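Please open the model in a viewer and keep the selection panel at hand. The tour below proceeds by selections, each followed by what is found there.

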Amino acid sequence: MLLGLFVATTVAAGAALATQAAEPAITSRAQIEEIVRDYILEHPEILPQAMERLQAKRVGAVIDSKRGEIETPFAGAWEGAQNGDIVLVEFFDYACGYCRASLPDITRLVGEDKKVKVVYRELPILSEESNAAAHVSLLAAERNLYMPFHKALYAAGQVTRETILKAAASVGIDRKAAEAAIADKRYAAEIEKNVRLAQALGASGTPTFVVGGQVLGGAVGYDGLKKAVAEERAKAKPAT
């Protein structure tokens, strides 16, 4: 991290080096480090910019190396265009109020943009009920009932064992099957994978969105999601 920051600030200090062309040549690392140090002290505002750029490059590298894992849904845990040109991924928790608040924004985006695919990744980090809900949600994904269950559970209010089971029943999953899913350890591997991916992306909570090479933290709203999609779509356009 420190080496990367040194490189970033060295670039930023290039102007300072250029102004010294008339002075004796700078030949040692110590001289360069002294100039960079002086420049940083004169322009401390570049530090947050350098750190932000360094973090963006790190996250971009993670996304590139794990894109398949991030953007490939578990069974039917997705909505929108099956072969969308842009994939929006949401790491979420059913007990997260900000995730609930983001649902109408995602629904609007999918309704208005017919080329977007939304992939949902379960990240139950808030409670045992979150974990139970994630298990039943993954069962619903296997039965092609993901979005009906997803919306029914959010509409049910507080996430409890009973609201989970009622939401499941409302979309055609009987109580016995839902209870078995909660106890089924085979869904734990998918959830653990999502946790590892979220950690690699530096996600600090839910919701966390991944849009192309961008990571957006929190309920960024419809405009924030739309802007990110538009930016990624613009990047993908061939140069004219």
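Begin with helix 9 and select K176 and A183: in this predicted model, both residues are exposed, on the other side of the helix from its buried residues. Next, select A177, A178, A181 and I182, which are the buried residues of helix 9, a helix that spans residues 175-183. Why do these residues lie on the same side of helix 9? They cover an arc of only 140 degrees around the axis, and this places them on the same side of the helix.

Keep these four residues displayed and add helix 6 (128-142) and helix 8 (161-170); the cover over the buried residues of helix 9 includes both of these helices. Then move to the start of helix 9 and show the side chain of D174. One of its side-chain oxygens comes to within 3.1 Å of the backbone nitrogen of K176. K176 thus appears twice on this stop, as an exposed residue and as the residue whose backbone nitrogen D174 reaches.

**Helix 8**

Now select T163, I164, L165, A167 and A168, which are buried residues of helix 8. Which helices do the buried residues of helix 8 pack against? They pack against helix 6, helix 7 (146-155) and helix 9. Helix 9 in turn has helix 8 among the elements that cover its buried residues. Just after helix 8, select G172 and inspect its backbone: phi is positive there, at about 100 degrees.

**Two further positive phi values**

For the next two selections, a general remark is useful. Most residues other than glycine have a negative phi, and most peptide bonds are trans.

Select N144, in the loop between helix 6 and helix 7. Its phi is near 60 degrees, a positive value in a residue that is not glycine. Is N144 buried or exposed? N144 counts as exposed because its relative accessibility is 65%, where the cut-off for exposed is over 50%.

Then select A75, in the loop between helix 4 (46-71) and strand 1 (78-80). A75 also takes a positive phi, of about 50 degrees, although it is not a glycine. At 45% relative accessibility, A75 counts as partly exposed. Add A141 and E142 to the selection: A75 touches both, with residues up to four places away in sequence left out of the count. A distance label between the C-alpha atoms of A75 and E142 should read 5.4 Å, although the two residues are 67 apart along the chain.

**The cis peptide bond**

Proceed to T206 and P207. Both T206 and P207 lie in the loop between helix 10 (188-200) and strand 4 (208-211). The peptide bond from T206 to P207 is cis, with omega near -5 degrees.

T206 is buried, since its relative accessible area is 13% and the cut-off for buried is under 20%. Which residues is T206 in contact with, leaving aside neighbours within four places in sequence? They are F91, F92, D93, C96, Y98, C99, L123 and I125.

From this group, select the two cysteines, C96 and C99. C96 counts as buried at 5% relative accessibility, and C99 counts as buried at 2%. The structure holds zero disulfides.

**The whole chain**

Finally, clear the selection and display the entire chain. The chain contains 11 helices and five strands. Of its 240 residues, 42% count as buried. Among contacts between residues at least 6 apart in sequence, 74% join residues at least 24 apart. The accessible surface is about 12,800 Å², and 56% of this area belongs to carbon and sulfur atoms.

Colour the chain by pLDDT as the last step. The average is 88, and 82% of the residues score at least 70. Over residues 1-22, however, the pLDDT is below 50, and this stretch has 26 contacts in the model beyond near neighbours in sequence. Where pLDDT is low, predicted coordinates should not be read in detail.

Definitions and conventions. Residues are numbered from 1 along each chain as its sequence is written. This is a predicted model: local features need pLDDT of at least 70, side-chain atom pairs count only at pLDDT 80 or more; totals for chains, interfaces and linings use all residues. Side-chain values use heavy atoms; hydrogens and water are left out. A disulfide is a pair of cysteine sulfur atoms within 2.5 Å. Buried means under 20% relative accessible area, exposed over 50%, partly exposed in between (1.4 Å probe, protein chains only). Helices (H or I, at least four residues) and strands (E, at least two) are DSSP runs, numbered from the N terminus. The arc is that of the directions from the helix axis to the C-beta atoms. Contact means heavy atoms within 4.5 Å. A polar contact is a pair of N or O atoms within 3.5 Å; within protein, one must be able to donate a hydrogen and the other to accept it, and residues adjacent in sequence count only if both atoms are side-chain atoms. Accessible areas come from the Shrake-Rupley method with a 1.4 Å probe; for residues, only the protein chains shown count as cover. pLDDT is the predictor's confidence in each residue, from 0 to 100.
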